[in-house]
Amino acid sequence: MNLLRALATVSGMTLLSRILGFVRDFVIARAFGAGLATDAFFVAFKLPNLLRRMFAEGAFSQAFVPILGEYKNKRGDVETLRLVDHVTGILAMVLFAVTAVGVAAAPVLVWISAPGFAADAGKFELTVTLTRITFPYIFFMSLVALAGGILNTMSRFALPAFTPVLLNLAFIAMALFATPYFDPPVLALAWAVFLGGVLQLAIQIPALRRIAMLPRPTLDWRAAWADPGVRRILTLMGPALIGVSVSQISLLINTIFASFLATGSVSWLYYADRLMEFPSGMLGVALGTILLPSLAKYHAGDKHDEYARLLDWGLRLTLLLALPAALALALLAVPLIATLFFHGAFTGDDVLRTREALVAYSVGLTGLILVKVLAPGFYARQNIRTPVRIALISLAFTQAMNLAFIGWLQHAGLALSIGLAACLNAALLYRGLRRDGIYHPQPGWATFALKLAAALAAMGGALWFAAGSDGDWLRFGIAERVGRLCGLVGLGGSVYFATLWILGFRLRDFTRRAA
């Protein structure tokens with residue numbers, strides 16, 4: 001399989017999901033604005049979403065995919081399916097217990113994650129109710145991550161990348177048509193989360209059946225524990241959970257800080273984060289998804305040179321696409337936010353406050369994406385401890401910057417601290433790969449960097465002069481905003497890629513086969 005084509009497939013599905021995500025956020029912003037109800041919902045949704053990233057897409061996937069790939073390559077389909085059965089049984093039992101505890105302990109969880117809400121009894125109780133409805137999402141999405149890990153290992157990348165579309169469709173449908181039937185209306189968003197989790201799990205089942213990998217979970221703990229693969233996965237999950245928890249704890253602490261700031265701060269950060277996740281998901285998550293199985297196979301086959309060349313390919317592709325995305329987010333912050341969210345209850349002040357957070361996030365966007373590419377260089381070798389140590393350093397750095405920035409930058413300081421810490425994380429991961437002899441840069445990096453800088457300068461200049469003033473974007477009608485934004489995006493992309501082409505870049509130079 002051509003990895004560039006696989007990346008295009010995963011990114012294309014992610015693009016569809018992100019577009020629908022913006023439609024979803026447009027609908028939510030128009031209906032609810034940025035206030036008490038949205039603050040309560042975003043905090044409630046953050047809790048199960050945080051656990052999903054920690055257990056499902058984070059620690060579990062990092063431990064499960066390399067072992068599954070090893071079983072597939074060395075032990076055959078029968079042993080691989082037995083491993084899947086055992087892992088599914090243990091995972092389902094643990095998830096059921098975690099979900100039950102989360103629903104029962106919702107008041108405590110809300111108090112921990114947003115203590116500032118306790119000063120407003122109504123806001124606190126609403127957040128607790130929303131948390132109890134959304135918490136089962138962790139159960140469904142962890143099983144979705146299990147199914148996605150199996151499909152990705154078998155080089156079926158499209159369906160796992162498509163599944164988030166269903167969550168966004170559930171949000172849009174519930175926000176548009178179900179809110180009149182709920183009191184308060186924001187409860188419809190919580191039930192959309194529940195429905196989205198069910199749909200995402202259901203769509204994976206036929207695909208697993210087609211490749212003869214549909215799990216038949218066992219509830220026999222002894223049989224599962226006797227499988228050495230299960231024990232290895234659980235052993236790797238320990239440090240992986242710590243490493244993933246660090247970034248999620250950092251986000252949770254930021255929510256705690258934001259809960260003490262002006263009303264709307266949580267929502268401003270959320271909308272900025274949604275825009276930042278667009279390139280982060282399309283590039284970082286997509287690259288990490290396609291790199292990890294191939295890196296694991298190269299490691300299992302002792303193909304060290306291919307391992308290093310694949311990492312080099314991933315790094316060049318990341319910089320080629322992430323740097324212009326970060327620059328465009330900073331320069332087009334107001335056009336993007338005004339076009340997508342400046343409707344209904346979302347005010348002009350909300351646009352400007354969200355812009356502050358988005359510009360701060362853009363500083364660290366490239367670092368956030370690089371982490372998704374560099375970390376699999378360790379995970380594929382079943383070395384999770386090194387990224388964990390680096391993540392702990394980044395957490396300490398983040399909180400030190402929170403204290404330094406929040407007083408004078410308010411919510412934007414929280415976004416800036418996350419971005420700068422991500423850059424530090426990426427730098428330390430890169431140093432570790434070089435120090436351990438895992439990664440050796442291929443020839444031509446100096447020329448590559450100079451050409452990239454020239455293309456970025458050309459794109460930045462074009463967008464700077466063409467964007468216009470912030471005030472104009474707040475006065476434009478929706479049709480004019482959409483038209484102008486499309487023109488700016490087309491202009492920036494055309495100038496950037498035309499400059500690269502003139503300087504000698506060709507698409508065929510970035511093609512690469514999977515392991």
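Here is a walk through a predicted model, one selection at a time.

**Start with confidence**

Colour the protein by pLDDT before anything else. The mean comes to 83, and 94% of the residues reach 70 or more. Now pick out two helices: helix 10 (residues 221-226) has the lowest confidence, at a mean of 71, while helix 20 (residues 445-467) has the highest, at 93. Keep one thing in mind as you go: where pLDDT is low, the predicted coordinates should not be read in detail.

**Helix 1: a patch on the surface**

Select Leu-15, Ile-19 and Val-23, and show the surface. Together these residues make a nonpolar patch of about 210 Å². Ile-19 belongs to helix 1, which covers residues 3-32. With a relative accessible area of 43%, Ile-19 is partly exposed.

**Helix 3: two neighbours in sequence**

Go next to helix 3, residues 76-104, and click on His-86. Is His-86 buried or exposed? It's buried, at a relative accessible area of 11%. Which residues does His-86 touch, leaving aside its neighbours within four places in sequence? Show Thr-218, Ala-223, Ala-224, Asp-227 and Val-230, and you have them.

Now select Asp-85 along with Arg-216. Their side chains meet in a salt bridge, 3.6 Å from N to O. Asp-85 sits in helix 3 and Arg-216 in the loop between helix 9 (187-210) and helix 10, so this pair ties together parts that are 131 residues apart in sequence. The two ends have different surroundings: Asp-85 is buried, at 9%, and Arg-216 is exposed, at 57% relative accessibility.

**Helix 4: two sides**

Select helix 4, residues 106-113, and highlight Ala-106, Val-110 and Ser-113, which are buried. Turn the view until you look down the axis of helix 4: the buried residues fall within an arc of 75 degrees, so they line one face of the helix. There's a simple pattern behind this kind of view: an α-helix has 3.6 residues a turn, so residues three or four places apart point the same way. Now highlight Val-108 and Trp-111, which are exposed on the other side of helix 4.

**Some backbone stops**

Zoom in on Asp-183 and Pro-184. A cis peptide bond joins them, with omega at about 0 degrees. Pro-184 is in the loop between helix 8 (164-178) and helix 9.

Move on to Ala-212, in the loop between helix 9 and helix 10. Ala-212 isn't a glycine, yet its phi is positive, at about 60 degrees. This residue counts as exposed, at 52% relative accessibility.

Then jump to Gln-410, which is in the loop between helix 18 (385-409) and helix 19 (411-435). Gln-410 also has a positive phi without being a glycine, near 55 degrees. It is partly exposed, with a relative accessible area of 35%.

**More salt bridges**

How many salt bridges are there in the count? Eleven. Side chains of opposite charge can pair when their charged atoms come close.

For a pair within one helix, select Asp-312 and Arg-316, whose side chains form a salt bridge at 2.9 Å, N to O. They are four residues apart in helix 13 (residues 304-331), which puts about one helical turn between them. Asp-312 is buried, at 4% relative accessibility, and Arg-316 is buried too, at 14%.

Next, select Arg-355 and Asp-470, which meet in a salt bridge of 2.7 Å, N to O. This pair links distant parts of the chain: Arg-355 is in helix 15 (residues 348-363) and Asp-470 in helix 21 (residues 470-475), 115 residues apart. Both count as partly exposed, Arg-355 at 22% relative accessibility and Asp-470 at 31%. While you're here, add Asp-349, Arg-353 and Glu-356 to the selection: salt bridges that share partners join them into one network.

**Last stop: helix 14**

Finish with helix 14, residues 333-341, and centre on Pro-335. Helix 14 is mostly covered, with nine of its nine residues buried. Among them are Val-334, Leu-336, Ile-337 and Phe-341. Pro-335 is buried as well, at 2% relative accessibility.

What does Pro-335 contact, leaving aside neighbours within four places in sequence? Show Trp-473 and Leu-485 to see its partners. Pro-335 and Trp-473 are 138 residues apart in sequence, yet their C-alpha atoms are 6.2 Å apart in space.

Note on methods: Residues are numbered from 1 along each chain as its sequence is written. This is a predicted model: local features need pLDDT of at least 70, side-chain atom pairs count only at pLDDT 80 or more; totals for chains, interfaces and linings use all residues. Side-chain values use heavy atoms; hydrogens and water are left out. Buried means under 20% relative accessible area, exposed over 50%, partly exposed in between (1.4 Å probe, protein chains only). Contact means heavy atoms within 4.5 Å. The arc is that of the directions from the helix axis to the C-beta atoms. Patches are made of residues with over 30% relative accessible area and no salt bridge: like charges are joined within 9 Å, nonpolar side chains (Val, Leu, Ile, Met, Phe, Trp, Tyr) within 5 Å. Accessible areas come from the Shrake-Rupley method with a 1.4 Å probe; for residues, only the protein chains shown count as cover. A salt bridge is a side-chain nitrogen of Lys or Arg within 4 Å of a carboxyl oxygen of Asp or Glu. pLDDT is the predictor's confidence in each residue, from 0 to 100.
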